[in-house]
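I sat down with this model today and kept a few notes as I went. Here is what I looked up, entry by entry.

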Amino acid sequence: MSDGKRVGIVLVSHSAAVAASVAELARGLAGAGAGVPVAPAGGTEDGGLGTSAELISAAAASVDRGAGVAVLTDLGSAVLTVKALLAEGDELPADTRLVDAPFVEGAVAAVVTASTGADLAAVAAAASEAYTYRKE
């Protein structure tokens with residue numbers, strides 16, 4: 001994208017520590033994220049395990065740079081929380097997309113791809129493609 005806009009990435013986990021660590025890993029492997037806005041949204045407001053619609057909404061707003069927001073999740077109820085926010089229609093920035101991708105590998109692929117200035121569709125595709133990475 002030549003206009004300076006970047007796709008933002010939100011990493012939703014049931015654990016604040018996991019979300020923050022995956023964000024740190026993805027930024028690090030992309031060369032400090034190369035200017036990609038990445039925000040973890042982990043756990044609940046009181047620091048417990050779970051997901052929080054408020055934390056997810058705040059994270060999405062914090063990474064919105066006008067090129068869309070890709071949201072990756074760790075487990076089922078995180079998916080349901082994001083889907084509920086998307087259904088509300090006004091809780092997340094315009095062009096926010098829930099991406100079906102493995103959490104760690106998908107996050108790295110999303111941040112690396114976003115760092116090239118790719119659009120939301122390309123970032124989502126790269127993250128989803130991480131399902132095909134074999135470790136054998």
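**Entry 1: salt bridges.** I looked for salt bridges and found two in the structure. I keep in mind that this is a predicted model. One of the two pairs Lys135 with Glu105, and I get 2.5 Å between their closest N and O atoms. Lys135 sits in the segment after α5 while Glu105 belongs to helix α4, so this pair ties together parts that are 30 residues apart in sequence.

I then checked how open the two partners are. Lys135 is exposed, at a relative accessible area of 71%. Glu105 is partly exposed, at 23%; the cut-off for buried is under 20%.

The side chains of Arg134 and Glu136 also meet in a salt bridge, with 3.8 Å from N to O. Both Glu136 and Arg134 are exposed.

**Entry 2: helix α4.** Glu105 led me to its helix, so I tested the geometry of α4, residues 103–114. With twelve residues at 1.5 Å a residue, I expected a span of 16 Å, and the end C-alpha atoms are indeed 16 Å apart, which agrees.

How many of the twelve residues of α4 are buried? I count nine, so I noted the helix as mostly covered. Among them are Phe103, Gly106, Val108, Val111 and Thr113, and I also listed Ala107, Ala109, Ala110 and Ala114.

Next I asked myself what these buried residues pack against. My list has three strands, β1 (8–13), β2 (38–42) and β3 (69–73), plus the helices α1 (16–29) and α5 (120–129).

**Entry 3: a nonpolar patch.** Val104 is also in α4, but I find Val104 partly exposed, with a relative accessible area of 35%. On the surface, Val104 joins Leu25 and Leu29 in a nonpolar patch, and together the three have about 250 Å² of accessible area.

**Entry 4: Thr96.** I finished with a residue in strand β4, which covers residues 96–98. Is Thr96 buried or exposed? I get a relative accessible area of 13%, and the cut-off for buried is under 20%, so Thr96 counts as buried.

What does the side chain of Thr96 reach? I traced it to the backbone oxygen of Pro93, at 2.6 Å. Setting aside neighbours within four places in sequence, I noted Val69, Val71 and Leu86 as contacts of Thr96.

Technical notes. Residues numbered from 1 in each chain as written. Predicted model: local features only at pLDDT ≥ 70, side-chain atom pairs only at ≥ 80, totals over all residues. Heavy atoms only, no water. Helix = DSSP H or I, 4+ residues; strand = E, 2+ residues; numbered from the N terminus. Expected span 1.5 Å × (residues − 1). Buried < 20%, exposed > 50% of the residue type's maximum accessible area, 1.4 Å probe, protein only. Contact = heavy atoms within 4.5 Å. Patch = residues over 30% accessible without salt bridge, like charges linked within 9 Å, V, L, I, M, F, W, Y side chains within 5 Å. Areas by Shrake-Rupley, 256 points an atom, 1.4 Å probe, with all protein chains shown as cover. Salt bridge = Lys/Arg side-chain N within 4 Å of Asp/Glu carboxyl O. Polar contact = N/O pair within 3.5 Å; in protein donor to acceptor, adjacent residues only side chain to side chain.
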